[in-house]
Each structure stands twice: as structure tokens, then as C-alpha cells.
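Please walk me through how this protein chain is put together. Running paragraphs will do, with the reasoning given where a label depends on a cut-off.

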Amino acid sequence: DSMYCGRHNCYEIMGLERTATKKEVNKAYRKLARELHPDHNDAPDAHEKFELLVAAYETLRSEVSRNDYDYLLDHPDVYYEHFYRFFRHSTPKVDVAPILVISLIVLSVLHYLHKISSYNRALDYALRVPTYRNQAKAMAEAEGLLNKKFFKGLTKDEQKAAENKILRDIIESKLDIKGGYGKPEWRDILAIQMLTWPYHGGNFLYFHGRRFYKYKLMKEEPDQVEREYVTRVILRLSEGQWEAVPEGKKEEMLRKELWHEANRVAFEEERADAERVSKANSARYRQQKRMARKEKVPENWND
């Protein structure tokens, strides 16, 4: 009853034959609409008749819905197929493109704000690291930014806050704290990354395909790019973190020649030993061991 014209025949409502043309459908609708519209017809059932007329017109004016309706008239027993045909066309069509664009914009904004938040947290952390803080303080003193006259009249808390702001600005502008936490740029926006993904994906495939061919198949001696790549991978550093490593430290690690299997194995064993020692000496690890011993139940607890 909820499909098309319900229990009524759409053609009969409009006074048409099934062979009626689209022009005849439009003409019949205009004529009947003037007669049945509630503003011009005072009959009690005028509103109901007008709604049926509109339903009949919406069914017959479209070639697709009219073909489906004719199929229903010819095959009244296949109800579920009619149900599918009707709601396939009556369900509102939504243009997906604007939704995708808006979603991408929202996600890009959230992603960029997250990057900024991570960058600010990295600056705050660097401000607490003695190495960075001392470097920034030395630069500030050399530029006269920490002169006591600038802090005159301020409370201790205000002086500390003002000093931290000066040091933070120096760390941000003059000290390299990249290490994967560089200041976000336009190319870091999610939408830009998605648009440039084919380019970066192609570079990735080319780079690793070239590596496989040159150093696995042809057994060539690694060049400088390959040596740095293998070294930073073994050190578990991202490209940004490797770029932040001082040149002297890079040279020190490259002299270990970790691209050779024997050197790599020896280095990883040495690193594993150092990590075990560091873990054993950590206060948190010792606390966990003490708690584990306390929670351990004696074997004769039933005695």
C-alpha cells in the first residue's frame, strides 16, 4: 500500500491509458491539479484525491519508475522484487563528493592541530632537558636577554615564567630539536599528503627496488646513501631523527660499518646487553621486582 499509488491504479487516477505519452501525462496532471487542488476544490476528499494525483504523476512522469510500475501491473505476485525496485529509486540520492571533501578538510584540520600540539610538547620537553636549556641560556645571556633590568618589579614566579618564555623562543628559533618533532609545515597537512601519496609511493618503490637490485642481486658495495639508510634503520631512527643527529655522531656511527652483517650482529648484541643493564638499574624495574617478590605466595602457605 505504501508503494506508488497504493491500492489505486495510477493510470486510472489520471484518466490515462498505459500507452499514454509523457506529454499526455503532463497535460493530464496540469488539468487535474487545477480541479483537485484543495485551494480550488471544497470537496471533503479533495486533499486525499490531490495527494493520489501527485503520487500518480510522480510515478508516471519518470521513465524508470513508470517501467517499474508497469512491471508491477504485469507481475503482481513478485512482491519483494517490486519492493526493491520501488525503494531503489525512491531513496534520496546523496552526492558523496561533498561529504568526502568536508570530511577530508575536517580530518586535515584535526591532524594539523595534533601536529602543532606534538610540536609544542616537544618544545616544552626540550626546555626541561639540561643540554638544550643550557645552550639556550648561554645564547640568551650572550644577547643580553636575561639582563636583570628586564625582570625588575616581577615576582619570582613571573621572572621564571618570563625566562622560560625567552629560552623557549630561542630553542624554537635557533636550536635544532627536529628528531621527528619539527615545526608543522603546509606539506604536513593530511590532504596534501594524500594528494602527493602517488609521488611518494613511487619514490618508495623505486628506492627499495633499486636497493634490492644493486645490493642484493648485483652485490655492489653500498654508496653513501645506502650506508646512511642502513645505519639509521639499525639505530631505529626515522629520517627526521637521523637528520637531527649531529654530524660528528653520524660519522662515528658510520665508522662502525653496520651494513656488514658481522658488524651489525655485534652491534645489536652490544645494544641488547646495554638495554638489559639499563633496565636492571632503573628504579621502576627494581620496584616492579620488589612488588613481584611481595606478591609471590610461599610454597608452604597452607602449613
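The protein chain folds into 15 helices and has zero strands. The model is predicted, not experimental. Of its 303 residues, 24% count as buried. The chain exposes about 22,800 Å², and carbon and sulfur atoms supply 56% of that area. Among contacts between residues at least 6 apart in sequence, 61% join residues at least 24 apart.

The nonpolar cores are a convenient place to start. In soluble globular proteins, nonpolar side chains tend to be buried together. Here the largest nonpolar core has 22 residues, and Tyr4, Cys10, Met14, Leu16, Leu53 and Leu60 are the ones that touch the most other members. Four helices give two or more residues each to this core: α1 (10-14), α2 (22-36), α3 (46-61) and α4 (63-74). The largest share, six residues, comes from α2. Leucine 16, one of the well-connected members just listed, has contacts with Tyr11, Glu24, Val25 and Ala28 when residues up to four places away in sequence are left out. Apart from this core lies another, of eleven residues, including Ala126, Leu127, Ala136 and Leu167.

Two of the helices that feed the largest core, α3 and α4, also meet each other directly. Their axes come within 5 Å and cross at roughly 105°. Angles of 65 to 115 degrees count as roughly perpendicular, and α3 and α4 are therefore roughly perpendicular to each other. On the α3 side the contact involves Glu58, Thr59, Leu60 and Arg61, and on the α4 side Glu63, Ser65, Arg66 and Tyr69. By class, the residues of this contact divide into two nonpolar, two polar and four charged. Leu60 thus appears both in this contact and among the core members with the most neighbours in the core.

A second helix pair is found further along the chain. Helix α7 (residues 130-142) packs against helix α8 (residues 156-174) at an angle of about 100°, with the axes 9 Å apart. That angle makes α7 roughly perpendicular to α8. From α7, the contact uses Tyr132, Arg133, Ala136, Lys137, Met139 and Ala140, and from α8, Glu163, Asn164, Ile166, Leu167, Ile170, Ile171 and Lys174. Eight of these residues are nonpolar, one is polar and four are charged. Ala136 and Leu167, both in the contact, are also among the members of the eleven-residue core.

Glutamine 135 is located in helix α7 as well. Its relative accessibility is 37%, and it therefore counts as partly exposed, the class for values between the 20% limit for buried and the 50% limit for exposed. Its C-alpha atom is separated by 9.9 Å from that of lysine 174, although the two residues are 39 apart along the chain. Lysine 174 is itself one of the α8 residues in the contact with α7.

Helix α11 (residues 224-234) comes later in the chain, and its buried residues are Glu226, Tyr229, Val230, Thr231, Arg232 and Ile234. These buried residues pack against four other helices: α10 (197-217), α12 (239-244), α13 (247-254) and α14 (261-281). What does threonine 231, in helix α11, touch beyond residues up to four places away in sequence? Its contacts are Trp242, Met253, Leu254, Leu258 and Trp259. Threonine 231 has a relative accessible area of 0% and is therefore buried, given that buried means under 20%.

The loops on either side of α11 each hold a residue with positive phi. Lysine 219 lies in the loop between α10 and α11. Its phi is near 55°, a positive value in a residue other than glycine. With a relative accessible area of 63%, lysine 219 is exposed, because the exposed class covers values over 50%. Arginine 236 is placed in the loop between α11 and α12, just after α11. Its phi is near 60°, again a positive value in a residue other than glycine. At a relative accessible area of 55%, arginine 236 is exposed.

How values were computed: Residues numbered from 1 in each chain as written. Predicted model: local features only at pLDDT ≥ 70, side-chain atom pairs only at ≥ 80, totals over all residues. Heavy atoms only, no water. Core = buried A, V, L, I, M, F, W, Y, C linked by side-chain atoms within 4.5 Å. Buried < 20%, exposed > 50% of the residue type's maximum accessible area, 1.4 Å probe, protein only. Contact = heavy atoms within 4.5 Å. Axes fitted to C-alpha atoms, helices over the stretch in contact; angles between N-to-C directions. Parallel < 35°, antiparallel > 145°, perpendicular 65-115°, else oblique. Nonpolar A, V, L, I, M, F, W, Y, C, P; charged D, E, K, R; others polar. Areas by Shrake-Rupley, 256 points an atom, 1.4 Å probe, with all protein chains shown as cover.
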